[in-house]
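Q: Hello! I am new to this structure and would like a close look at a single part of it. Could you walk me through that part in one go?

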Amino acid sequence: MSSSETLTSQGYIQHHLTNLTLGVHPEHGLGFAHNSAEAAEMGFWAINVDTMFFSILLGVVFIWLFRKVADNVTAGVPGGAQNFVEWIVDFVEENVRGSFSGKNPMVAPLALTIFVWVFLMNLMDLIPVDLIPHLFGQLMAVLGADPHHVYLKVVPTTDPNATFGMALMVFFMVLYYSIKMKGVGGFLGELTLQPFGKWGMPANLILEGISLLSKPVSLALRLFGNMYAGEMIFILIALLYSGGVVLAGTAGVLQFVWAVFHILIITLQAFIFMVLTIVYLDMAHQEHH
Amino acid sequence: MNINLTLFAQMITFAVFVGFCMKYVWPPIVNALAERKAKIAEGLAAAERGHQEKALGEQRALEVMKEAKATAADIVGQAQKRATDIVEEAKSDARVEGERIVAAAQAEIEREANRAREELREKVATLAMAAAEKILQKEINVDSHRSIVDDFAKQL
């Protein structure tokens, strides 16, 4: 632990908002970034190890649980786990049936994956903000690293890479099915021939292009923004713990209240991401003009 | 918070999870749900059928009971008629038998009376013969006058 650095509020917040980034630094070579500036200098060819680790871990948890149930699934009386899984599957299927009018066997599993995976990733927000990063820092200290420079973000959805990754995949699927269902001409026509008819083509293209591109951006930023803000509140509340008994007590109450409220937010955000994906894909499948 | 390679890695991860879910998770669970739905529908239909069959069976049972009651009443009626017949028959038999007995007794009486009369007649003839013998002494030969005596006796 270096005594030259005192822990400031700014430093604390900064520490919590920095990913564990692995990449090639122009000066230091291959390694983990020691601060956010170094991470930025690594450019595009760096990877956020914490985001990858937790998102894959949670995805595997989801796949493992659902696969286990699917393996022993019975049409008879369902057990506890199967009941729970069926409840979620039924919920997702109902939403797909309600919003998606086309026929595509991929949409429902896609929606299920999005809902459960995003929910699990958001759920990491409810773990006290310092718990896992602190334990990880201690572990790395044992291995010889300076815990001040060991970063860890446990909520993958507070990393725009994760939310944009999903949103872009959804966007590509929208493009793919738009062209597949309507043909290249039909899709281009949809982009250029409305709402003003063929003489307003440039205006149409601008309007429709913006509306098309705004889909993945809004999808990704909505989830990222909500989770990032929620995480930030938790971090600010955590700062109060160092401000004496009264502030610490207040912080305890606040953290509980915010966590309870956050349960609603994380579920809602997972649900919104799923529903919007279904709706966008439904629009891609429909020939409405 | 930089956009970097993580973006592509996340896209691939996402695609892999969706693909796995689509291939190995979603179909079995949804199939099981559909199967259970079919089973429940089948069960409900079977229950409905059973209900109808029960109503039908009840109706049939009622019919059978009604028929059985009618048959029983019939049998009882026949038995009563038969009983009356038997009693009547027995009465007439008894009457005939009684008449027969009375007739037989009368015949017996007649016969006895005749026999007694005959005996008496013989005895009277013998007595008359003896009396006549005594009266006529040796003048009448019993053997030669026998037919006269018998005629006489017969007229008694």
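What percentage of the 289 residues in chain A is made up of buried residues?

A: Happy to help! Please keep in mind that this is a predicted model. In chain A, 46% of the 289 residues are buried.

Let us start with how chain A is built. Chain A holds nine helices and three strands. Reading from the N terminus, its elements follow the order α-β-β-α-β-α-α-α-α-α-α-α. The C-alpha trace of chain A measures about 70 × 55 × 40 Å along its principal axes. Among the contacts in chain A with a separation of 6 or more, 69% join residues that are 24 or more positions apart.

Next comes the surface. Chain A exposes about 14,200 Å², and carbon and sulfur atoms supply 71% of that area. As for charge, chain A has 10 positive and 19 negative charges, and the mean positions of these two groups are 16 Å apart.

Chain A also has a partner to meet. In its contact with chain B, 57 residues come from chain A and 30 residues from chain B. Together the two chains bury about 3,800 Å² between them, with carbon and sulfur atoms giving 76% of this area. On the chain A side, Phe44(A), Ala75(A) and Asn161(A) provide 17% of the area that chain A buries against chain B, more than any other three residues. The partner itself, chain B, has two helices and zero strands, and 14% of its 156 residues count as buried.

Notes: Residues are numbered from 1 along each chain as its sequence is written. Chains are lettered from A and ligands numbered from 1 in the order in which they are written. This is a predicted model: local features need pLDDT of at least 70, side-chain atom pairs count only at pLDDT 80 or more; totals for chains, interfaces and linings use all residues. Side-chain values use heavy atoms; hydrogens and water are left out. Helices (H or I, at least four residues) and strands (E, at least two) are DSSP runs, numbered from the N terminus. Buried means under 20% relative accessible area, exposed over 50%, partly exposed in between (1.4 Å probe, protein chains only). Contact means heavy atoms within 4.5 Å. Buried area is the accessible area (1.4 Å probe) that two parts lose on being put together, summed over both. Accessible areas come from the Shrake-Rupley method with a 1.4 Å probe; for residues, only the protein chains shown count as cover. Lys and Arg count as positive and Asp and Glu as negative; His and the chain ends are not counted. The place of a charge is taken as NZ of Lys, CZ of Arg, CG of Asp or CD of Glu.
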